[in-house]
Amino acid sequence: MRANVWSGRNTVQVENVPDPKILNDRDAIVKISSTAICGSDLHLYDGYVPTIKRGDILGHEFMGEVVEIGKGVGNLRVGDRVVVPFPIACGKCWFCKHELYSVCENSNPNAGIAEKLFGHSTAGIFGYSHITGGYAGGQAEYARVPYADVGPIKIEDDLPDEQVLFLSDVFPTGFFGADLCDISGGEVIAVFGAGPVGQFAIASAVMLGAERVIAIDRYEYRLAMARNKAGATDVIDFSLDADIVEQLKEMTGGRGPDAVIDAVGMEAAHGHGALHAVERIKQANRSETDRGHALRDAILACRPGGIVSVMGVYGGLMDKFPTGAFMNKGLQLRTGQAPVQKYLKPLYERIRNGEIDPSFVVTHRLGLDQAPDGFETFKHKQDDCVKVVLKP
Amino acid sequence: MTKKAAITVARPRDDVEQLWRSSGFGLEGAAVTLLEAPGDRGTEIHVELQSGPPAGKLGEAVQKLAGSEPLAKLKDDLRRFKQRVETGVIARSEAVPEGELAKRKLKQRPAQPLAESETEKAGV
């Protein structure tokens, strides 16, 4: 089959590889109809994630048709149309039973590596380096889906792929980010980053009842999408004024937002000249993996007693974490890879009853063979790119 | 260096004891203790290796490099036991088709499907 593989920093290529095979009774093979490039794939592409290996098939946002099932998969049949959640979760361990699917104890066969870096292992993830298991990803014609009896959600109606594809990751991830903010009505929520996760965090905060949602980015076209499609009430373009903390205070009568969502992660673009330069150098020589401007500003901007919800991906260590602001303001830091399985059904329902049409983020539709172009366009935000969908 | 390892299995103590006995774990020179975990967390398996490595510190270093160090192997075995008992299968990825394996840590396959000839070798 054809598959998009990582072949070195800033390089991916579409190659012929063997077709996937059932390796376990609880596996299924899915023929992929749509697959997407995620912002977190760019961290791999850019070479910031240390356990990636040449030849790894990328991709963790995919859906398609079940073409083969292991004998332990009782709930799916060949021909079913499914969306596959990006965390690979067994459904049986204590964590899965408590809906903490993204920290499943059993799905990562490189648990020993993950423990060395994180203290504990986290769940396997499709196409996301070897620290999350070394699973072949979904930017391919076919993929093997482990624990297929608990992960994939069956799509029973004729909604087009683009409306349900993002149940695999970015919609539940954005929703999880907003859900962690304890929104009960009347809050002001600030969202750093207006990429796909940021857009869904904004839309979700609005759905959950926030009164004002402030989108922060440096690209006007992304802020326009945040305002016109996701429902942001206010925007901050930090290419015009980099002092985000002061602008947020001013916009909220000096209080600061009740909760702040970081939808940026370890390759933050803004930040103050000298510190940014130092962090780029430290990342380049591997003495720091995470560049943390967005998280630092989120902590400084959040109102006392508020919540900072981190959806942007971090991989290792970050310097100059503002412990003083964090502690003295009594903030709560909430985070995690989204436990997608927990949100699949309720969010599918919200799509079906018309509360949201997640296809609003799609700006580029390409064939699988054009994946390398898709990565370049997405990375450099060319051609007003927000989300790339690939068709095998 | 500690020669202990522990893992928690989400099953009652009596079940775990029976499964452990029938699993045929040949842990020579190891002391195994099963404890009820707090709350609904199942059963803790504690294993302490009592015999030292074959040739002192040097032997230990060689075993570590080869990935056949007893403690590393013990941890692999505990994870596999837990996976089998809780999920019915061993977690296998394309990079690590044999499942968790200390000696695989430094020489992983790329994360892409196995050729026909490789599946048998991986014991699938």
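1. A good place to start is the pair of strands β10 and β13 of chain A. In this predicted model, β10 (residues 188-192) runs parallel to β13 (residues 259-262), and 4 bridges join the two. If you want a residue to centre your view on, try A:V191, which has A:I261 of β13(A) opposite it.

2. Two helices of chain A are worth displaying along with these strands. Helix α6 (residues 196-208) packs on the sheet and touches β10, β11 (212-217) and β13. The direction of α6 makes about 170° with that of β11(A). Helix α10 (residues 293-301) also packs on the sheet, with β10, β13 and β14 (307-310) as the strands it touches. Here the angle is about 175°, taken between the directions of α10 and β13(A).

3. Now for the sheet as a whole. It is open and has 6 strands, paired in parallel, in the order β12-β11-β10-β13-β14-β15 of chain A. Which strands form the edges? They are β12 (234-237) and β15 (332-335) of chain A, each of which pairs on one side only. On average, neighbouring strands of the sheet are turned by 20° against each other, direction ignored.

4. Finally, do have a look at where the two chains meet. On the chain B side, 31 residues are in contact with 37 residues of chain A. Helix α3 (residues 70-87) of chain B supplies the largest share of the chain B side, with 6 residues. By residue class, the side of chain B that touches chain A has 13 nonpolar, 9 polar and 9 charged residues.

Notes. Residues are numbered from 1 along each chain as its sequence is written. Chains are lettered from A and ligands numbered from 1 in the order in which they are written. This is a predicted model: local features need pLDDT of at least 70, side-chain atom pairs count only at pLDDT 80 or more; totals for chains, interfaces and linings use all residues. Two strands pair if DSSP finds at least two bridges between them. Axes are lines fitted to C-alpha atoms, for helices over the stretch in contact, and angles run from 0 to 180 degrees between N-to-C directions. Two residues are in contact if their C-beta atoms, placed from the backbone, lie within 7 Å. Ala, Val, Leu, Ile, Met, Phe, Trp, Tyr, Cys and Pro count as nonpolar, Asp, Glu, Lys and Arg as charged, and the others, Gly among them, as polar.
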